[in-house]
Amino acid sequence: LWGEKDSNYRLTLADGTEYLLKILNPAESQAVTAMHSQALIHVETHDPEIPVQRIIRTVDGEADFRMVDRGGQERSVRMVTFVPGKSQKSAPHSKAQRRAVGVWLARMQLALADFTHEAAHHRITWDMKHAAGVRDLLPAFGDKPIRARLQKAVDDFDARIVPVMPHLPAQVIHNDFNMENILVDPDHPDRISGIIDFGDMVYAPIVFDVAVGAAYQIGEAEDPVAAAVDFLEGYATLKTLSAEEIGLLFPAIVMRMTMRLAIPEWRCSLFPEQRDFLTRNSPTVFRQFDRLDAFGEADAIRRFTAGSP
C-alpha cells in the first residue's frame, strides 16, 4: 500500500482475516514509534468502540519489533488489524457524516485525555505550535496576491494565538483528522467505520485538533462555515470549547489551510518531479480561502458560537 514515509503491506490470510504490516522509515525514532503504538492501545483500552486499528503484539508480547535492514539501518515494525472502509474524501458528504466525525474527534480526545509519553513533545512539520515557521516558506509562492493572503494568515496567528498558546487547554492530540484518515462504510457513508494514521500525534492545544478537523470538513461545500458548524455540533455533544477557544478557531482553521498550501509548495522546490502529487489538494484549499473570505470571520465566529453551546 502507498505510504508517505513508510513501507505498508496489506496481508490477507486464507480465512480472509486482514492485517496491516508497517515497516517504518529508519529516520523515525523508536520513541516516536512506541508513542503511536501505545496511543492505539490506550484508545482501545479507554474507549473500545472507537474504530481504530488494534495492535497485534509480537510473540514476545511487545507492541513493536525492531529490525535491522540490509543497509544496516534500524527500523521499527508494527502489525495492526486492517480497518475496512472507504475514505471520507472519496465518499458522498452530508451533514450527518460531518456531525459524526465531530463526535468521534471528541471521543478520541476524551480517550487520550490522560495519555502521556516521553515523545509527545517531539517536533513535526504539521504541529501548529510551530506554525509561525511557515512564514519562511512563503517565498516559494511567486504570485504576490497569494503570498500576501497567506502572510496575513500567519500574521493573524502570530498576533492572536501565539501569545495565549501556553495557557490554552492542551493534551496529546491526533492532529490529523483529515478526510483521508476518516473511513466510512461504503454502503452507509454517514457511518464512520475507521480512524487511521496516528503519525502526526503531538502534545498541543485542544483547539488546534478541532481546527484541523474543521478545516478538512469544509471540503468543497459552497458554505464552508455551515460545513464546519456541522462538525462542531457533533463535537459539542461531548465536549465544550471555551469562549476564548471559539474566538481563536477561525484563525487556527485558516492557519491549517495555509500550512496545507505552504508545506507542499516548499516540498515542490525540493522534489519538482512530484509537483502534481504534492499539490493535488491545493486547488481545493484555494477555493476554501475564497469562500471563507466571502463570509468573513465575524459571521463565522457567530455561527461557530451557536454550534458550540
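Which residues have the most contacts inside the largest nonpolar core? In this predicted model, they are Met108, Met128, Ile195, Val210, Leu249, Ile253 and Phe304, and the core they belong to has 86 residues. Helix H6 gives the most to this core, with 13 residues. A general tendency offers some background here: in soluble globular proteins, nonpolar side chains tend to be buried together.

Met108 gives a feeling for what such a core residue meets. Apart from its neighbours within four places in sequence, Met108 is in contact with Val43, Ile50, Val52, His174, Phe177, Ile195 and Phe198. Ile195, one of these partners, is itself among the residues with the most contacts inside the core.

Helix H3 is a good place to look at how a helix can be buried on one side. This helix runs over residues 144-160; it has 17 residues and reaches 24 Å from its first C-alpha to its last, close to the 24 Å expected at 1.5 Å a residue. Its buried residues are Leu150, Ala153, Val154 and Phe157. Viewed down the axis of H3, these buried residues fall within an arc of 90°, so they line one face of the helix. The spacing fits a simple rule: an α-helix has 3.6 residues a turn, so residues three or four places apart point the same way. Lys144, Pro145 and Ala159, on the other side of H3, are exposed. The cover over the buried residues of H3 includes H4, H6 and H8. At the start of the helix, a side-chain oxygen of Asp143 comes to within 3.1 Å of the backbone nitrogen of Ile146.

Helix H8, residues 282-295, can be read in a similar way. It has 14 residues and spans 20 Å between its first and last C-alpha, close to the 20 Å expected at 1.5 Å a residue. Buried in H8 are Ser282, Thr284, Val285, Gln288, Phe289, Arg291 and Leu292. Helices H3, H4 (206-217), H5 (224-236) and H6 (243-270) are included in what covers them. H3 and H8 thus appear in each other's cover. Just after H8, Gly296 takes a positive phi of about 90°.

The strands E1 and E2 bring us to a hairpin. Strand E1 (residues 7-12) and strand E2 (residues 18-23) run antiparallel and are joined by six bridges. Ser7 has Ile23, in E2, as its bridge partner. Five residues lie between the strands of this hairpin, where Gly16 takes a positive phi near 95°.

How values were computed: Residues numbered from 1 in each chain as written. Predicted model: local features only at pLDDT ≥ 70, side-chain atom pairs only at ≥ 80, totals over all residues. Heavy atoms only, no water. Helix = DSSP H or I, 4+ residues; strand = E, 2+ residues; numbered from the N terminus. Expected span 1.5 Å × (residues − 1). Buried < 20%, exposed > 50% of the residue type's maximum accessible area, 1.4 Å probe, protein only. Contact = heavy atoms within 4.5 Å. Arc of directions from axis to C-beta. Polar contact = N/O pair within 3.5 Å; in protein donor to acceptor, adjacent residues only side chain to side chain. Pairing = 2+ DSSP bridges. Core = buried A, V, L, I, M, F, W, Y, C linked by side-chain atoms within 4.5 Å.
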